[in-house]
Amino acid sequence: MKIAVLNGSPKGEISVTVQYIKFIRKKFPQHELTLLNISHEIQKLEKDDKAFQNVIGEVEKSDGVIWAFPLYVFLVASQYKRFIEMIGEKKAAGAFKGKYACAISTSIHFFDNTAHNYIRGICDDLDMRFTESFSADMDDLFDDEKRRILIKWAADFFAAIENKSPTSKAYAPVVPLKFSYQPGSIKSRVDCRGQKVKILADITDNNSNIARMVNRFKDVLQDGVQLYNVRDVDMKGGCLGCMQCAFDNVCVYKGKDKFMEFFNEEMQDADVTIFASEIRDRFLTSRMKMFWDRRFFYGHIPLNIGKQIGFIVSGPLGQLANLQEILQGLAEMSEANFTGVVTDECGDSAQLDALIDGFAARCVDYSEQKYVRPSTFLGVGGHKIFRDQIWARLRFPFQADYKFYTEHGMFDFPQDDKRYVDFSQQMTNMIQNPVMRATVRKMIKTEMLKGYQKVVETK
Ligand SMILES: Cc1cc2nc3c(=O)[nH]c(=O)nc-3n(C[C@H](O)[C@H](O)[C@H](O)COP(=O)(O)O)c2cc1C
C-alpha cells in the first residue's frame, strides 16, 4: 500500500519523530511510506504552488495518511498548522476525503492530548477515516515493549485500510459565527492606574470583528495600553526546533530577524498581556502560533509570573473545548492569572461592548491587586512534567532552564517535604499496632479537619 506521511517536524528528516516512521517502514517493507517534509518545507509550499500540489498529489495517490509530528507548545508546530490552513485556502480538502488516517507524535507528554485532539478534529473536518492516535514519549523507541506496541498500532492501521474497517468521528463540525460587531460609543473609560497592558493581535482586516473588539478594548483603557499586530512582528519563520537557545536563551534567528528584541523589549514588561486572534479551523491563526513557538527561546521558563494573561477571540470558541483548554493552559504555564476570554459569540453588539468593557476593568483590577487564582490541573500537572524533565532528561541541553528552576525554587519535589514525609512515617509506624490501627481509622475524618478548623476560627 502507498502511505503518505505528513512530517510535522521543522527539523525535516533530522527528527526524532521520523525515526519512528523509519522504524515502522523497516517493520512493514511491503508498504511504501512516502515522507513529505511539511514543516521543514513550509516556505516553499507557501510560495510555490507546484510544490504544494505535489504534496496534495501524494495524498491523493495514497491509500492512507499518517500525520507524524512533534508536539510544539500545546499543539503542532506553526508550520504544520499553516499547512492545514492552506489545505482550506487552496481548496485541497478533496484529496483527503475518505482516506484512512492516523496520527503519531513524539513529545514529553506535555499537552500531547490537546495536539492529538486538534489533529483528530482536522481529520474529521477533512472527512477522513481516522483510526487511532499514538502519542509516544520521545524515548519510547529505546524500549522493547513500547516498540512492540508501536508495531501493533501500525499493523492495525494498515489492516484497517486493507479491511476497509468502519471508523467514526470524534468531533462535530465547527459551525462558524454570522455576526458583524458594531461597537457603540464608550460611556466611561478605565484608568490603567500604572498597569502596563500589552495587546498582541492578529489583524489582517480592519473591518473584522477581531479588529473591532481589539480596538474597543484598547479605547476603553485610558492610558498605558499598547497594541501590536503580530503580522508586523519581524519573524523570518517559525521555530526550527534547533535548541540553539537552550544554553542561554538566545534564538538562532538573532541577527536575522527582530523577534527576540521585540519580545524582550516590548512584551516582557507587560503587567497584562492580551492575545487576540480569530479562530482558524480549530485553533487561532498559525501566525499567532508562530509567535508562541518562537517564545520557546525561553525554553520551559514561565514568562509571566504573577501577571495577567487574557484572550480576545473571534469565532466559535464555545464549540472548541480543546482550544479553551489550551488558552487556560498557556496562561497557567506562564504562571500568570488566567484573566479570561472574551469572544463575539453572544452575537449582540451592545452585550459585546459590555463584555469587553468589563474585561478591561477586570484586567486592570486583577493586575493592581496582584490577583492570581490557583492553577488547575493544567498548570499544576504541566509544572510537574517540566520540573521532572529539567531535573533529569532535559537538564542538558536546557541549561538556562535548569539555572532558572534552581534559582526560583521550581524543583519542588515532594520528597523534600520533610513535614509530610516524617509525619507519614510516624503514622505508618503507629498503625502497625492493631489497637492503634482501629483507633486511628475512627479518628481520620475528624483529626484531618483540625488544622482547617483552626484557620477558620483564627484568621
Ligand atoms: C519549540 C518546541 C516546543 C515543544 N513543545 C512541546 C510541548 O508542548 N509538549 C511536549 O510534550 N513536547 C514539546 N517539545 C518536545 C518535542 O515535541 C520532542 O522533543 C519531539 O520528540 C521532537 O521531535 P522532532 O525531533 O521530530 O522534531 C517541544 C520542542 C520544541 C523544540
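Which residue of strand 2 does N7 stand opposite? The partner is N37. This is a predicted model, and that pair is a good place to enter it.

Start with the domains. The assignment for the chain gives domain 1 (2-162), domain 2 (197-377) and domain 3 (417-458). The C-alpha centres of domain 1 and domain 3 lie 52 Å apart.

Now look at the open sheet that holds N7. Its 5 strands follow the order 2-1-3-4-5, and their pairing is parallel. Strand 2 (32-37) and strand 5 (129-137) are the edge strands, each with pairing on one side only. From one strand to the next, the twist averages 20°. In general, strands of a sheet pair through backbone hydrogen bonds, either parallel or antiparallel.

Strand 1 covers residues 2-7. Strand 2 is one of its partners: the two run parallel and are joined by 6 bridges. How does the chain get from strand 1 to strand 2? It passes through helix 1 (residues 16-27), and this β-α-β crossover is right-handed.

Strand 3 (residues 64-70) also pairs with strand 1. The sense is again parallel, over 5 bridges. Two residue pairs help to trace the match. L6 stands opposite W67 in strand 3. N7 has A68 as its bridge partner in strand 3. N7 also stands opposite N37 in strand 2.

A helix lies against these strands. Helix 3 (residues 49-61) packs on the sheet and touches strand 1, strand 2 and strand 3. The direction of helix 3 makes about 140° with that of strand 1.

Why is strand 1 described as largely enclosed by the rest of the structure? The reason is burial: 5 of the 6 residues of strand 1 are buried. Buried here means under 20% relative accessible area.

Move on to strand 4 (residues 100-107), where S105 is found. Is S105 buried or exposed? S105 has 0% relative accessibility, so it counts as buried. The side chain of S105 makes a polar contact with the side chain of H116, at 2.7 Å. Leaving aside residues up to four places away in sequence, S105 touches F69, L71, H116, F134, S135 and A136. F69 falls in strand 3, which spans residues 64-70. F134, S135 and A136 fall in strand 5, which spans 129-137.

Next, turn to domain 2, which spans 197-377. Strand 8 (residues 272-278) is the one to find there. Of its 7 residues, 6 are buried, so strand 8 is largely enclosed by the rest of the structure.

Which strands pair with strand 8? Strand 6 (residues 197-201) is one, in the parallel sense over 5 bridges. K198 has T273 as its bridge partner in strand 8. Strand 9 (residues 308-314) is another, also in the parallel sense, over 7 bridges. There, V272 stands opposite Q308 in strand 9. The chain goes from strand 8 through helix 9 (residues 286-294) to strand 9. This β-α-β crossover is right-handed.

Set the two crossovers side by side. The one through helix 1 is right-handed, and the one through helix 9 is right-handed too.

Terms used:
Residues numbered from 1 in each chain as written. Predicted model: local features only at pLDDT ≥ 70, side-chain atom pairs only at ≥ 80, totals over all residues. Heavy atoms only, no water. Pairing = 2+ DSSP bridges. Helix = DSSP H or I, 4+ residues; strand = E, 2+ residues; numbered from the N terminus. Axes fitted to C-alpha atoms, helices over the stretch in contact; angles between N-to-C directions. Contact = heavy atoms within 4.5 Å. Buried < 20%, exposed > 50% of the residue type's maximum accessible area, 1.4 Å probe, protein only. Right-handed = clockwise from strand over helix to strand, strands pointing away. Polar contact = N/O pair within 3.5 Å; in protein donor to acceptor, adjacent residues only side chain to side chain. Domains from an automatic or database assignment.
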